[in-house]
Amino acid sequence: MQRPLAFDVDMVLHATTKYIGGHSDILGGAVIAREENEFFRNIREIQKSGGAVPSPFECWLVLRGIQTLPLRVRAQSENALQVADFLNNHSSVDKVHYPGLPTHPAHPLASVQMRLFGGMLSFEVKGDKEDAMRVTAKVKLITRATSLGGPESLIEHRASIEGPGTKTPENLLRLSVGLEHPDDLIDDLKQALTK
Ligand SMILES: *Cc1c(COP(=O)(O)O)cnc(C)c1O
């Protein structure tokens, strides 16, 4: 969705755990450097001596998953925009955080930097924590779980995950939009938001 190296950054850090693996079944990461400099050689050295090396099976799963990365991310982005649009017009939703929505304050900047806006969004349910919890308890197709970037849609009450002292609003739910049909996702959220 974005080419950070084209924006002059020195290094890109990926969790292959998420979209690159894409199937919620591995843990891994990747560092991509613009040039093979002293700093990068240090990272390689730390990896070598610290042993942060993925197993052959996990590498194979990443290679398998990455083949469908462009198609998955395109579909997840399209689904997320439809879901965000639905939530944005729902009377039980206070706010939707998704840079792909023209109403989002960072939409103009995101449009310059990104070709797609991704499958992640969050929204604030009208009311308090209990109201948000009620929505997560009622979804049927969407699964209540942390993590993101897999084929299945996941929802979580973010403040509970972050714990005491978090600045995340208590009525906020995070949604990782997966590869289900967008109408099914919208139907599920529609029934979950009905009091
Ligand atoms: C992201 C995530 C992790 C950690 O993966 P990283 O590769 O360190 O980002 C572990 N468990 C869950 C459920 C996650 O969503």
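How far does a backbone N or O atom of Ser147 lie from an oxygen atom of the ligand? Let's find out, keeping in mind that this is a predicted model.

**Stop 1: the ligand.** Select Ser147 together with the ligand, and you will find a separation of 3.3 Å between that backbone atom and a ligand oxygen. With the ligand still selected, note that the protein buries 51% of the 380 Å² that the ligand exposes when taken alone. Now show Lys18: an N or O atom in its side chain is 2.5 Å from an oxygen atom of the ligand. Add Gly28, where a polar backbone atom is 3.3 Å from a ligand oxygen. To complete the surroundings, bring in Ala15, Thr17 and Leu27 as well. Colour this shell by class and you should see two nonpolar, three polar and one charged residues.

**Stop 2: the nonpolar core.** Next, select Leu87, Leu121, Phe123, Leu175 and Leu189, which touch the most other members of the largest nonpolar core, a set of 28 residues. Among the elements that each supply at least two residues of this core are helix α4 (69-88), strand β4 (120-125) and helix α8 (182-193). Centre the view on Leu175: beyond its neighbours within four places in sequence, its contacts include Val83, Phe123, Ile142, Leu154 and Leu189.

**Stop 3: Thr143.** Finish at strand β5 (residues 143-144), where Thr143 sits. Is Thr143 buried or exposed? Thr143 is called partly exposed because its relative accessible area is 38%, and that class falls between under 20% for buried and over 50% for exposed. Show Ser153, Leu154 and Ile155 too, since Thr143 touches these residues, leaving out those up to four places away in sequence. For a last distance, pick the C-alpha atoms of Thr143 and Ala75: they are separated by 19 Å, with these positions 68 residues apart along the chain.

Note on methods. Residues numbered from 1 in each chain as written. Predicted model: local features only at pLDDT ≥ 70, side-chain atom pairs only at ≥ 80, totals over all residues. Heavy atoms only, no water. Near = heavy atom within 4 Å. Polar contact = N/O pair within 3.5 Å; in protein donor to acceptor, adjacent residues only side chain to side chain. Areas by Shrake-Rupley, 256 points an atom, 1.4 Å probe, with all protein chains shown as cover. Nonpolar A, V, L, I, M, F, W, Y, C, P; charged D, E, K, R; others polar. Core = buried A, V, L, I, M, F, W, Y, C linked by side-chain atoms within 4.5 Å. Buried < 20%, exposed > 50% of the residue type's maximum accessible area, 1.4 Å probe, protein only. Helix = DSSP H or I, 4+ residues; strand = E, 2+ residues; numbered from the N terminus. Contact = heavy atoms within 4.5 Å.
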